[in-house]
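Here is a short briefing on the core, the cysteines and the aromatic rings. Take a look at the model first, then read on.

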Amino acid sequence: MHRELRTRHEIHAEVHRLVHLDPQVIQDQVQIGIPLPVETDPIDGCNWAMSGYINADKHMDALNRALHAVMEKWNLRC
């Protein structure tokens, strides 16, 4: 699979957008803090990871779906 290269800020913005489109996140009117991605050794072809979310405990399913969607299509431009 070929992943497009994107900046930290582009990856951050896309994960943030997808999380905040989740119906449960919208219903709960919560703002989830999304950190900038950091470079990692490639895992399943993806070269970035995130940690240190704010207000995400109740919405980990939405967060994991967003991360998975972005990790499948984008790699971090190093």
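A residue counts as buried under 20% relative accessible area, as exposed over 50%, and as partly exposed in between (1.4 Å probe, protein chains only). This is a predicted model, in which local features need pLDDT of at least 70 and side-chain atom pairs count only at pLDDT 80 or more, while totals for chains, interfaces and linings use all residues. Residues are numbered from 1 along each chain as its sequence is written, and side-chain values use heavy atoms, with hydrogens and water left out.

**Cysteines**
- C78 is exposed, at 65% relative accessibility, whereas C46 is buried, with a relative accessible area of 5%.
- The closest cysteine sulfur to that of C46 is in C78, 10 Å away and therefore too far for a bond.
- Searching the whole structure gives 0 disulfides (a pair of cysteine sulfur atoms within 2.5 Å).

**Nonpolar core**
- The largest nonpolar core (buried Ala, Val, Leu, Ile, Met, Phe, Trp, Tyr and Cys residues joined through side-chain atoms within 4.5 Å) has 18 residues.
- I11, V15, V19 and W48 have the most contacts (heavy atoms within 4.5 Å) inside this core.
- Two or more core residues come from each of α1 (8-20), β3 (46-49), α3 (60-73) and β4 (74-76); α3 gives the most, with 5 residues.
- Helices (H or I, at least four residues) and strands (E, at least two) are DSSP runs, numbered from the N terminus.
- Leaving aside residues up to four places away in sequence, I11 touches R6, P37, W48, M50, V70, W74, N75 and L76.

**Ring face**
- K73 lies over the face of W74, at 4.8 Å from the ring centre; this label requires NZ of Lys or CZ of Arg within 6 Å of the ring centre and within 35 degrees of the ring normal.
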